[in-house]
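Work through these short exercises with the sequence and the 3D view side by side. Try each task before you read its solution.

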Amino acid sequence: MKRKLSILIKELRNERELPKIKERILEKGKRPVGINKDFGKDMRTKYLIDNEKKIPHEIDLFYKKDDTLIIYDLKDYEIPFSLAALSKVKKKLNGEAGKLLRLKKLILENIDCFIEAIGFEFNKVNVGILLTRDINNVSNACGVDVLAIQEFNDHIGEYI
């Protein structure tokens with residue numbers, strides 16, 4: 001019961017933040033933007049995603065910047081208060097970064113299917129991880145940018 005409640009609270013927090021970010025991007029950039037896109041449910045991409053292991057089926061935030069599709073995956077990790085806890089968070093982030101890099105490769109290899117599914121044209125893909133809490137000492141995982149939602153919001157003009 002406690003675990004189910006924890007998951008529900010996390011989902012509610014995430015669901016509250018993503019629409020706010022989407023609105024800010026629309027206000028600032030007037031560009032195509034979306035949240036919670038599930039490629040596993042889209043018939044144009046389902047067969048591609050289903051055949052791949054360790055790849056995210058859903059992307060939390062995506063938008064177009066110039067000719068690039070920008071994808072962010074939202075993660076909720078506890079703030080680490082020890083080196084051991086920080087090491088565990090970094091290991092988890094490296095795993096998530098690997099998944100996003102595999103998704104990026106899949107999108108670029110099947111770009112026409114994903115252009116149809118997303119609804120706008122792009123030639124490049126960049127991926128990143130958004131954290132619900134700011135975790136100091138973590139700004140990159142396996143070459144993927146990692147930033148807190150607050151940092152993204154504070155500097156939104158730089159990211160869009």
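**Exercise 1. Find out what surrounds Thr-68, beginning with its side chain.**

Step 1. Start with the polar contact. The side chain of Thr-68 makes one with the side chain of Asp-67, at 3.5 Å. A polar contact is a pair of N or O atoms within 3.5 Å; within protein, one must be able to donate a hydrogen and the other to accept it, and residues adjacent in sequence count only if both atoms are side-chain atoms.

Before going on, note the ground rules. This is a predicted model, in which local features need pLDDT of at least 70 and side-chain atom pairs count only at pLDDT 80 or more, while totals for chains, interfaces and linings use all residues. Residues are numbered from 1 along each chain as its sequence is written, and side-chain values use heavy atoms, with hydrogens and water left out.

Step 2. Place the residue. Thr-68 lies in strand β3, residues 68–75. Helices (H or I, at least four residues) and strands (E, at least two) are DSSP runs, numbered from the N terminus.

Step 3. Check burial. Thr-68 has a relative accessible area of 9%, so it is buried. Buried means under 20% relative accessible area, exposed over 50%, partly exposed in between (1.4 Å probe, protein chains only).

Step 4. List the contacts (heavy atoms within 4.5 Å). Leaving aside neighbours within four places in sequence, Thr-68 touches Tyr-63, Phe-122, Lys-124, Val-125 and Asn-126.

**Exercise 2. Describe the sheet and its strand order.**

Step 1. Read the order. The open sheet has 6 strands, β1-β2-β3-β4-β6-β5, with mixed pairing. Two strands pair if DSSP finds at least two bridges between them.

Step 2. Look at the edges. β1 (33–38) and β5 (140–141) each have a single partner strand, so one side of each is left without a neighbour in the sheet.

Step 3. Take one pair. β3 and β4 (residues 124–131) run parallel and are joined by 8 bridges. Lys-75 has Leu-131 in β4 as its bridge partner.

**Exercise 3. Characterise helix α3 and say which strands it lies across.**

Step 1. Get its length. Helix α3 (residues 83–109) has 27 residues. From first C-alpha to last, α3 reaches 39 Å, close to the 39 Å expected at 1.5 Å a residue. The expected span is 1.5 Å times one less than the number of residues.

Step 2. Find its position. α3 lies across β2 (58–65), β3, β4, β5 and β6 (144–148), at about 155° to β4. Axes are lines fitted to C-alpha atoms, for helices over the stretch in contact, and angles run from 0 to 180 degrees between N-to-C directions.

Step 3. Look for buried residues. Among them in α3 are Leu-86, Val-89, Leu-93 and Ile-107.

**Exercise 4. How many aromatic pairs are there?**

Step 1. Apply the rule. Rings of Phe, Tyr and Trp (its six-membered ring) pair if their centres lie within 6.5 Å; planes under 30 degrees apart count as stacked, over 60 as edge-to-face and the rest as tilted. The count comes to 4 aromatic pairs.

Step 2. Examine one pair. Tyr-72 and Phe-152 are edge-to-face, 5.4 Å centre to centre with 75° between the planes. Tyr-72 lies in β3 and Phe-152 in helix α5 (residues 149–154), so the pair ties together parts 80 residues apart in sequence. Both Tyr-72 and Phe-152 are buried.

Step 3. Examine another. Phe-120 and Phe-122 are also edge-to-face, at 6.2 Å and 70°. Phe-62, Phe-120 and Phe-122 form one aromatic cluster.
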